[in-house]
Amino acid sequence: MATPVIMPRQGQSVESCIFSEWFVKIGDEVKQGDLLFSYETDKAAFEAEAPEDGILLTTYADPGDAIPVLQNIGVIGQTGEETEGFNPDTSDIESSSDTNHQEEIVTEIKAVKQEDSIGATSSSLVLKISPRARKAAESLHINYTGISGSGPEGRIIEKDIVAKYNEIPKATPLAKSISYEDHVDLPETGSGTGGKVIAQDVKNTFPGISDEEFEENKITNIRRIIAENMLASLQNTAQLTLHTTADARAIKRIRAEYKKAVSETDGTNVTINDLVCYATVKALMFHTDVNAHFTGEAIRKFKNIHLGFAVDTERGLMVPTLRNANHLKLEGFAAQMKTLAFKAQSGKIDPELLTGATFTITNLGAFGIEMFTPVLNPPQVAILGINTITMQPSVLEDGSFGFIPRIGLSLTFDHRALDGAPAADFLQSVRKEIEKLK
Amino acid sequence: MPKNEFIDPAVVRKPNQITFDPIPVNQYDKTIEDEKINFSKVELLNIYRDMKIIREFESMLNLIKTTGEYNSIPYNHPGPAHLSIGQEAAAVGMAYLLNENDFIFGSHRSHGEILAKGLSVIEKMDDDNLMSIMQGYFNGACLKVVEKGHSGSVKELAVDFLLYGTLAEVFGKENGFNKGMGGSMHAFFIPFGIYPNNAIVGGSGDISVGAALYKKVNQKNGVVVANIGDASMGCGPVWEAISFATMDQFTQLWENEFKGGLPLIFNFMNNQYGMGGQTCGETMGYNMLARVGAGVNPDQMHAERVDGYNPLAVIDAYKRKLQVIKEKKGPVLLDTLTYRISGHSPSDASSYRSKEEIEAWEQEDSIIDFGNKLMGGGMTDQGGLETLHTGIVKMVEKSLKLAGDDQISPRLDLEKDPNAISHYMFSNIKEDKMDDRKPQTNHSLEENPRVQQLKKKERFGIVDGKPVPKIKAYNIRDGIFEAIIDRYYKDPTLVAFGEENRDWGGAFAVYRGLTEALPYNRLFNSSISEGAIVGAAVGYGICGGRVIPELMYCDFLGRAGDEIFNQLSKWQAMSGGLIKMPVVLRVSVGSKYGAQHSQDWTSIVAHIPGLKTVFPASPYDAKGLMNAALQGTDPVVFFESQRIYDMPELFHKEGVPADYYEVKIGEPDIKREGADITILTIGATLYKAVDAADTLKQKYGISAEIIDARSIVPFNYEKVIDSVRKTGRIILVSDACERGSILKDMAANITELTFDYLDAPPIVVGSRNWITPPYEMEKYFFPEESWIIDAIHTKILPLEGHKVAHDFTNREKLDRAIKGV
């Protein structure tokens, strides 16, 4: 009996491989284990061995063909042996000699009630299936344990397997193999071309993955909007990020002073964040090209600075706007920041104040972030990310080496509107302003 | 019933008497002195010597069987050895006047006859002929053994050859005359006219009739002698042989050189016992066997009782009887009185006869008596006799040493060739004709009226889409006829006989037209003697002639049981391939004729090894298979179905060819292709299968593949296996009774060979295990189309909407088996 050569299976997900070349010709003799052909997946190339001794009688694959795994690509046997039955184009049960009437039989004949026969009690315990039907079930990957046989004495006969086969959806050889091996039913349709079931679909219906492994919640509107905005920003702008650090001794000193003052009196608290934001506003005043919107056709430079700043709330990220920040002194600025932040967090902010910013600042320094790439808030041309303060080695004023605190600054800008040099220039200004603060 | 023999009531109803002539009993009264003018001294001494050789040979075997050695030469022979000690004079006397053209057939007790005939032929034959025979026999294998160290004459060498070849055969050795396949009871040596001996009592009776027929029909010289025992007079085949051999037609209807009695002597070696039964006084009623001749024909078969204890009396009888044969007045019945001193076999304790009786006969010992006569006549003296004895003992010792030695005389090596005996079962030879001479016919083939009539018949049964009217269609009987008449004009030896063969044209008109073409000696009616019909055919075939015996109904196979199952099937193998059996036994399977005339016994025939069995069901197959059977040299039992003799050719679209062609024996035929189920048939059920296939297609959309077996033995399963691999389902149908049907053998083989491809077990549908009821009820007995459909539905593949009418359930099957019906 001749043996088929099949395209080998490569794991659970590779549906088909590219056939590369035969190492022998039709008519050549091979021994079991000889290299027979090569093939590749999209990750690697392989060589396959002959499964049996014999002569390569015929082939069903040419170099470059994409062949589903487990499909016949050739036949090895002795001269004169029949190979017709191995042809993958015709060996499907539907294309056997008399297709039409096979379908007739399958659709017209229903199970016939059998007469009572001897040993009915014992026979109901034994699964009766004819050898031919069992063979058909194996080659078609049909699980026959659930089928009720229409043959004599309830025997499962060939046409019962054929009927079951015709009920099942189209599937790739790999999908069928997985379904058969793991005793899992194939889904009705799948995600392959024309609704064909592929291996992936079978795995999706595995009962193996339990429902306790995840908790699923529908997303909120805010989440939905954030998601859309973030994706849109990254897809539709030419953003990139510049990083630098600023000497933080000044702002630390100022902060320490205010902290001391607030603990003794009832004055305004000024945070590091306030100081950096304030310095940024000052820098913006000299870089009108950064305090701008890009409309696609034009660049809108604003006369005032309406500073948006990111606030993390229970409901998600909010960016309230401090309008006309350029008119405020430090303490007034800090007070407004605090008020706006509070409103945002408590959910009582005026929606008007969530729009209209000309520039945005976002601060992740509290989490120890040293450098990041904040996402632009279009149509704004830039956004500044504030990072944590780290101790950096430096040459001190007196010429000695020492460590000074530096704060990280990450500026993302839209290259459509602003080039690298002006953006860098602005960032340098921000640094200078931070270092100049008194 | 030839019309020219007018049975006149005026004559036959006249008052009359049947009178009988006296039958001579032991009338020989010559002395040795009287015979000196007829025999030379040497001839008389040779008679003595021949008897002595036989006595010593048989005594040696007796000692071997009873003591395991002879003259200190050990040998163990567990096989049969029926010895004829005491009967030597009868054997030597019988063979004395015969030469190699005279054929003797024997019984289980024929060592003496083999040796006597051999010695007689050796004495008469010239050295060149003797050497050429010995060198040619099995390529000289036997000769090589006895030649070694031989320094005497060719005749002496030939005697050694005869003793060695016979003994080696008795011991079952490959150098034996029949390669050891025959053994003691079936040994023979054809070049000396020593034809097969038969272990079946009386078996040679009708076979020898066929041999005599062969000599007469083919105009060969010589007589045939059947050496059978007195107790065989109780056997049917022997009576049938006598009836067949004494038919009036030989002297009254046969013509020209063929007119006259058969050259046949029924020589009853009457040793007065049949194993233990005493024929005269206990188991037979004739008192003296020769009496039987008087009851057979007006010539009283020239019957005589001869004193077989006196070799010269026997020779004298033969001289006179051979003259009778020469005058074409045979056959002859001889009652040769003799007595065996040895028991039936070496294990026989002779409990059935008294010691006194044995002793009385020992007193009359023919060898001692003859020796005394010779000495009395001055032809030899005691010394001479002793010298002779010593020489003979040496001869016998030599043959025992050689035949007993497993190195010198090995047996057929079945270790080396496990299929060694397979080679002998069938000759598988093709032979246009068995002899070279112009076949004798009354007119040319073209002039034959039936041949001319056939030219006008349609050789395919459907013309322009319409069935041809039966009267105009070439049918199965035409096909059989055409093959047979064709062979008649090719093979001069071909003869046919049976009941109603001539004039009637065969009971089923197969032979119509043959009577006009052939003389009596090639086609004749036999007596109603089925046993002898087949037995004579066996004898005819053994002699090398081709013959078609016919049994009118296959139900009559039982009447020829021994001839078919023990003779026809076995001689090719028992002879180690020396004998061919070009016999085609035609039998027909009946219908409408009730219990004893409507049975299909193919399975019984198929079971016995050595018979080719065929059963065509279409004209194309019938002609092709008959041609193949008549071209071969193997026995073929050719089954025909009376139901379909007039069936036209419906499958071979080109029609039945007018020219010669063969259908290979052993090849089934796909009569119709299909995909869903295979139906395999033997015989006329082919047409029921066709109906069933049509119904399956029209009502249930199932396409059936129909395979016609055509042959049963041999049988090539390959096409069937391919079919079952394709369809997965097979149902087998024939008219034979279901139990023990040969289809069951096929079904078991198919299951073994295609198990993994089967969607259901192979199912056999056969006739009920009943007597065949009258015609009006036949449809309840023989398989019908509806049985096939119901069996498929119940056991293989349920058919939608089908309601079964016949019970094929397992319960029914078990119940029938419990009841044996």
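**Figure 1. Burial and exposure in chain A of the predicted model**. Of the 438 residues in chain A, 41% are classed as buried. The accessible surface of this chain amounts to about 24200 Å², and 51% of that area comes from carbon and sulfur atoms. Chain A contains 11 helices and 18 strands. When contacts between residues at least 6 apart in sequence are considered, 60% of them join residues at least 24 apart.

**Figure 2. A salt bridge in chain A between A:Arg416 and A:Asp414**. The nitrogen-to-oxygen distance between these two side chains is 2.8 Å. A:Arg416 is partly exposed, because its relative accessibility is 38%. A:Asp414 is buried, with a relative accessibility of 1%. Over all chains, the structure holds 55 salt bridges.

**Figure 3. An open parallel sheet in chain B**. Six strands of chain B are arranged in the order E4-E3-E5-E6-E10-E9. At the edges stand strand E4 (194–197) and strand E9 (304–307), each of which pairs on one side only. From one strand to the next, the twist averages 20°. Within this sheet, strand E5 (residues 224–229) and strand E6 (residues 264–270) run parallel and are joined by 6 bridges. B:Ala226 is placed opposite B:Phe266, a residue of E6 in chain B.

**Figure 4. Helix H13 across the strands of chain B**. Helix H13 (residues 311–326) lies across E5, E6, E9 and strand E10 (332–337) of chain B. Relative to E9, the helix runs at about 150°.

**Figure 5. Salt bridges between helix H13 and strand E9 of chain B**. B:Glu304 forms a salt bridge with B:Arg320, their closest N and O atoms lying 2.6 Å apart. This pair links distant parts of the chain, with B:Arg320 in helix H13 and B:Glu304 in strand E9, 16 residues apart. The side chain of B:Glu304 also meets that of B:Lys321 in a salt bridge, at 2.8 Å from N to O. B:Lys321 lies in helix H13 and B:Glu304 in strand E9, so this pair ties together parts that are 17 residues apart in sequence. B:Glu304 is buried at 7% relative accessibility, and B:Lys321 is buried at 6%, whereas B:Arg320 is partly exposed at 35%. A network of salt bridges links these three residues with B:Lys30 and B:Asp316.

**Figure 6. A nonpolar surface patch on chain B**. B:Trp770, B:Ile771, B:Met777, B:Tyr780 and B:Val821 make up this patch of about 510 Å². B:Tyr780 belongs to the loop between strand E24 (763–767) and helix H29 (785–795). With a relative accessible area of 48%, B:Tyr780 is partly exposed.

Technical notes
Residues numbered from 1 in each chain as written. Chains lettered and ligands numbered in written order. Predicted model: local features only at pLDDT ≥ 70, side-chain atom pairs only at ≥ 80, totals over all residues. Heavy atoms only, no water. Helix = DSSP H or I, 4+ residues; strand = E, 2+ residues; numbered from the N terminus. Buried < 20%, exposed > 50% of the residue type's maximum accessible area, 1.4 Å probe, protein only. Contact = heavy atoms within 4.5 Å. Areas by Shrake-Rupley, 256 points an atom, 1.4 Å probe, with all protein chains shown as cover. Patch = residues over 30% accessible without salt bridge, like charges linked within 9 Å, V, L, I, M, F, W, Y side chains within 5 Å. Salt bridge = Lys/Arg side-chain N within 4 Å of Asp/Glu carboxyl O. Pairing = 2+ DSSP bridges. Axes fitted to C-alpha atoms, helices over the stretch in contact; angles between N-to-C directions.
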